Amino acid sequence: MASLRIPQFVCPNLQFFFQGRTSSTASIITLQSSVKSRRKEIHRVVTPNTLSARTRDQLDAYEDEYDGVVIDPQCLPDSANSFTAVLQSSLSTWKLEGKKGVWLKILEQQADLVPIALKEGFSYHHAEPGYVMLTYWIPDDQPCILPSTATHQVGVGGFVINDNREVLMVKEKKCPYRCSGLWKLPTGLINKSEEIFSGAVREVKEETGIDTAFLEVVAFRHAHQVAFDKSDLFFVCMLKPLTFEIEIDESEIQDAKWMSLEELTDQPFYNEDKMLRSVVDICIARLEERYYGFNAQNLMSKFDDKFVYLYQASL
């Protein structure tokens, strides 16, 4: 049940060169043990459409796979008094039954119930548009092992190079002073449920208008305590251009152009930052077939019970 959290850029210089990731596209991805549930109903409470009928002594809930309980948010009582009573009764029952973690999702329209749950010992876990998730750990003699909320954010950068050995580079309109006027790779954060390679292709298209095809993930870096003290994973993807006429997103990008490798490597910023220089050197080595990265294989996973992408080097 351990959880991995998700990032942005620890190395300030590399952050400026690669990052252009706006909060509007931020996607916090939870790399953690999911609260998968088997719908084994326990103490089901049917709540008729009358307030007086909502006086049952148990909340509608089902067991998860870890001896925990997931409460159905659609069946929470409307009134504060009813909610307090049924929540206390349910917690007492679940404690006697040896349950451990309790997950309580409170919808936006039920926000008045949040202070009540907190008073009963629940803690904030995470929030998304439309709801807040709270948790409660029942055993007094065991440390809480509920997975934490998302710990990382995931970013991508596209290294797009044409047959003339020119790299697609951009200048951002808004960036920290230290990177003002810097030419950098098109970058951004992946969206929820978006593949790494799809995010790279999309970001390049959005910022420059260039259509591309994914080739390989050539490098990635892991940084900590970046945006909102989260960690950050950043994947550099080698992309093949399918079109060549640049059309920038004027809301984010000041300029874009095809830059020769010589001009790129002559930038002072490139020579001053060891990580940045390593990334560009790796991309050049891949271009010259002196290095190979990871391609994406769509494979059936019995563990996940669906098709997933495995990033691997060619065998």
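**Figure 1. Helix α7 in the predicted model.** Helix α7 runs over residues 274-287, 14 residues in total, and reaches 20 Å from its first C-alpha to its last, close to the 20 Å expected at 1.5 Å a residue. At the N-terminal end of α7, Asp 273 acts as a cap, with a side-chain oxygen 3.1 Å from the backbone nitrogen of Met 275. The buried residues in α7 are Leu 276, Val 279, Val 280, Cys 283, Ile 284, Ala 285 and Arg 286. After α7 comes Glu 289, which has a positive phi near 60 degrees.

**Figure 2. Two separate nonpolar cores.** The largest nonpolar core has 22 residues. Phe 159, Val 167, Met 169, Leu 261 and Leu 264 have the most contacts inside this core. At least two core residues come from each of β11 (166-172), β14, α5 (261-265), α6 (268-272) and α7. Helix α7 gives the most, with five residues. A second core, of 21 residues, is separate from the largest one and includes Ala 61, Val 69, Leu 87 and Ile 116. In soluble globular proteins, nonpolar side chains tend to be buried together.

**Figure 3. The aromatic pair of Phe 122 and Tyr 136.** Five aromatic pairs are found in a search of the whole structure. In the pair of Phe 122 and Tyr 136, the rings are 5.1 Å apart centre to centre, with 40 degrees between the planes, and the pair is tilted. Phe 122 lies in the loop between α3 (114-119) and β8 (123-128), and Tyr 136 lies in strand β9 (residues 131-137), so the pair ties together parts that are 14 residues apart in sequence. Phe 122 counts as buried because its relative accessibility is 4%. Tyr 136 counts as partly exposed, at 21% relative accessibility.

**Figure 4. The aromatic pair of Phe 244 and Trp 258.** The ring centres of Phe 244 and Trp 258 are 6.3 Å apart and their planes are at 45 degrees, so this pair is tilted. The pair links distant parts of the chain, 14 residues apart: Phe 244 is in the loop between β14 (231-241) and β15 (253-260), and Trp 258 is in strand β15. Phe 244 is partly exposed, with 48% relative accessibility, whereas Trp 258 is buried, with a relative accessible area of 18%.

**Figure 5. A ring cluster, and lysines over ring faces.** Phe 197, Phe 214 and Tyr 309 are linked into a cluster by ring pairs. Lys 105 lies over the face of Tyr 131, at 4.4 Å from the ring centre. Lys 257 lies over the face of Trp 183, at 4.8 Å from the ring centre.

**Figure 6. The side-chain contact of Thr 187.** Thr 187 is in strand β12 (residues 187-189). Thr 187 counts as buried because its relative accessibility is 0%. The side chains of Thr 187 and Lys 184 are joined by a polar contact of 3.0 Å.

**Figure 7. Positive phi at Asp 67 and at Asp 229.** Asp 67 is a residue other than glycine, yet its phi is positive, near 60 degrees. Asp 67 sits in the loop between β5 (61-64) and β6 (69-71) and is partly exposed, at 45% relative accessibility. Asp 229, also not a glycine, has a positive phi of about 65 degrees. The loop between β13 (212-223) and β14 holds Asp 229, and this residue is exposed, with a relative accessible area of 63%.

Conventions. Residues are numbered from 1 along each chain as its sequence is written. This is a predicted model: local features need pLDDT of at least 70, side-chain atom pairs count only at pLDDT 80 or more; totals for chains, interfaces and linings use all residues. Side-chain values use heavy atoms; hydrogens and water are left out. Helices (H or I, at least four residues) and strands (E, at least two) are DSSP runs, numbered from the N terminus. The expected span of a helix is 1.5 Å times one less than its number of residues. Buried means under 20% relative accessible area, exposed over 50%, partly exposed in between (1.4 Å probe, protein chains only). A polar contact is a pair of N or O atoms within 3.5 Å; within protein, one must be able to donate a hydrogen and the other to accept it, and residues adjacent in sequence count only if both atoms are side-chain atoms. Rings of Phe, Tyr and Trp (its six-membered ring) pair if their centres lie within 6.5 Å; planes under 30 degrees apart count as stacked, over 60 as edge-to-face and the rest as tilted. A charge sits over a ring if NZ of Lys or CZ of Arg is within 6 Å of the ring centre and within 35 degrees of the ring normal. A nonpolar core is a set of buried Ala, Val, Leu, Ile, Met, Phe, Trp, Tyr and Cys residues joined through side-chain atoms within 4.5 Å.
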